[in-house]
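Biologist: Please pick one part of this model and take me through it closely. Then carry on into the rest, with cut-offs for each term.

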Amino acid sequence: MSVHLTTSTNNEIFRPLSPEMLADPYAVYARLRGDDPVHWHDQLQAWILTRHTDCVRVLKEVETFSSDPRKLGKPIPPQIISLQTMDPPEHSVIRHHFVAALKQRDLATWTDQVAAAADKLLAAVGDEPFDFVADIAEPLALTAMCLLYGVDYPRDDTRFRTASRTLALGMDAGLAPDRRAPALAAREVINEMVQEWLDRQVGVPAGLHQITTVPREYIVNSTRAVFDAGYSTTANFLANAVHWLLTNGHTDIRVFGEMDARAVDELARLVGPVQAVSRHCHADTELGGRAFRRGDVVVAMIAAANHDPDVFPDPRTADFRRAPNPHLGFGRGVHSCLGSHIGSRIMVALSHTLAARYHRLELAGACRQRPTATQRGLDLLPLRAR
Ligand code: HEM
């Protein structure tokens, strides 16, 4: 039996694409966590988990909570199959190559290049009000990923950025089915770009060509998934973090000058872009007093877990020295973020560049939330720098 949380008008309170939840999902997460932490959602036909302890269990128990719907005979379009939709050992073979490739990168030089790119983008906007999303966060995240992959910045970056945004919208296809087909088409746009790198053997981690145990299509998809996961989460994170700082009293530019990996972790906890990750129950089990059946879909609301007061005292307040900080903003377990240190370095490099150039950074108009629930971000963030 499942309990249904309803509003007075008898609607689900968990409506992530509603204007109220887009504006502030954390209030609803808190209510769910308190009233029904293992919540059955009819539209999604899925369990929604909001407690830290339950989300950690799902992320860590990969034998019970699988990322691979194929094992359950569930249909999955071939364009989607990548390391993100696989379980070990198939997953580990591909992941290993990307992790090894990142380890070989000279990250000190790469960080200098990212800082220089940030400086150039900021110089271009000058003293005029600018849109932090379109003018800084997105081109900087894309530049950083191109530098990391060793590929040229796309000639038509709008095409890539639009495709990536469409993919992010498509992550909510369970709530808005009309987003599914455009997202599949957008994958093809990015796959084309990746295929060209693979053909020219640029931007490919060494050895990826030699993997014969995994179909080539899945290698292409994984190369796309790593690139786009890095670009879109980082761009959204930069915008969420800057917006949160400026709207929560951290207007002194010194907060940017003092940014370090620990402060980035706290921002990832507070306003990390990834709100939810889903898994498929691979075996009957029990969680929070509820019986889960093989085949059930489980949505771990990691953004809700990151505000769980049982784990994070005063969860909506920033403590840039918080330790320990077992947040899930970069995931946990075998599918945890393989580029968290990369995203963190980009945030630090940008922050230090902002602090070096300006005395003050402030909002210059109303911002616009991106209409996405799985990955939270902004479509518009007008700023003025002095
Ligand atoms: C601040 C920026 C970032 C945030 C907040 C973030 C967040 C996350 C989260 C929450 C997950 C776990 C997903 C799950 O469990 O299903 C994840 C996985 C992943 N991230 Fe990140 N990420 C960031 C930056 C990056 C970067 C820069 C890269 C690439 C260089 C990257 C590549 C990946 C990949 C490939 C996965 C899937 C790993 C797997 O399935 O084994 N991410 N990320």
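**A sheet and the packing elsewhere**

Modeller: Strand S9 (residues 361-363) and strand S12 pair in the antiparallel sense, over 3 bridges. Two strands count as paired if DSSP finds at least two bridges between them. Strands (E, at least two residues) and helices (H or I, at least four) are DSSP runs, numbered from the N terminus. This is a predicted model: local features need pLDDT of at least 70, side-chain atom pairs count only at pLDDT 80 or more, and totals for chains, interfaces and linings use all residues. Residue numbers start from 1 along each chain as its sequence is written.

Stay with S12. The bridge partner of Leu-361 there is Ala-385. Strand S4 (residues 130-131) also joins S12, antiparallel, through 2 bridges. Phe-130 stands opposite Leu-383. Asp-131 has Pro-382 as its bridge partner in S12. Put together, this is an open sheet of 3 strands in the order S4-S12-S9, with antiparallel pairing. S4 and S9 are the edge strands, each pairing on one side only.

Now the faces. In a regular strand the side chains alternate between the two faces of the sheet. S12 (residues 382-385) shows such an alternation. Leu-383 and Ala-385 point to one face and are buried. Pro-382 and Arg-384 point to the other and are not buried. Buried takes 20 or more other C-beta atoms within 10 Å of a residue's own; exposed takes 12 or fewer; partly exposed lies in between, with C-beta atoms placed from the backbone.

Next, the helix that follows S4 in numbering. Two packed helices are described by the angle between their axes and the distance between the axes. Helix H6 (residues 132-149) and helix H9 pack at about 145 degrees, with axes 9 Å apart. Axes are lines fitted to C-alpha atoms, for helices over the stretch in contact, and angles run from 0 to 180 degrees between N-to-C directions. The crossing of H6 and H9 is right-handed. Right-handed means that the near helix is turned clockwise from the far one by less than a right angle; anticlockwise gives left-handed. H6 brings residues including Phe-132, Ala-141 and Met-145 to the contact, while H9 supplies Phe-227, Tyr-231 and Leu-238, among them. Contact means C-beta atoms, placed from the backbone, within 7 Å. By class, this contact has 14 nonpolar, 2 polar and 1 charged residues. Nonpolar covers Ala, Val, Leu, Ile, Met, Phe, Trp, Tyr, Cys and Pro; charged covers Asp, Glu, Lys and Arg; the others, Gly among them, are polar.

H9 (216-247) has a further partner. The buried residues of helix H11 pack against H9 and helix H13 (340-357). H11 (residues 261-271) is mostly covered, with 9 of its 11 residues buried. Among the buried ones are Asp-265, Glu-266 and Arg-269, alongside Leu-267 and Leu-270.

Another helix pair is H7 (residues 157-170) with H8 (residues 180-200). Their axes come within 8 Å and cross at roughly 140 degrees. That makes H7 oblique to H8. Under 35 degrees counts as roughly parallel, over 145 as roughly antiparallel, 65 to 115 as roughly perpendicular, and the rest as oblique. The H7 and H8 crossing is left-handed. Phe-160, Ala-163 and Leu-167 of H7 are among the contact residues, as are Pro-182, Ala-186 and Ile-190 of H8. This contact counts 10 nonpolar, 2 polar and 3 charged residues.

Pro-182 also gives a distance check. Ser-92 and Pro-182 are 90 residues apart in sequence and 30 Å apart in space, C-alpha to C-alpha. Ser-92 is found in helix H4 (residues 90-104). Ser-92 counts as partly exposed because it has 14 C-beta neighbours inside 10 Å.

Last, a second sheet. It is open, has 5 strands in the order S1-S2-S8-S5-S3, and its pairing is mixed. The edge strands are S1 (38-41) and S3 (65-66), each pairing on one side only. Helix H3 (residues 52-60) packs on this sheet, touching S1, S2 (46-49), S3, S5 and S8. The direction of H3 makes about 125 degrees with that of S8. S5 (residues 277-281) pairs antiparallel with S8 (residues 297-300) over 4 bridges. Ser-278 stands opposite Val-299 in S8. S3 and S5 also pair antiparallel, over 2 bridges, and Ser-66 has His-280 as its bridge partner in S5. In S5, 4 of the 5 residues are buried, so S5 is largely enclosed by the rest of the structure.

Terms used. Contact = placed C-beta atoms within 7 Å.
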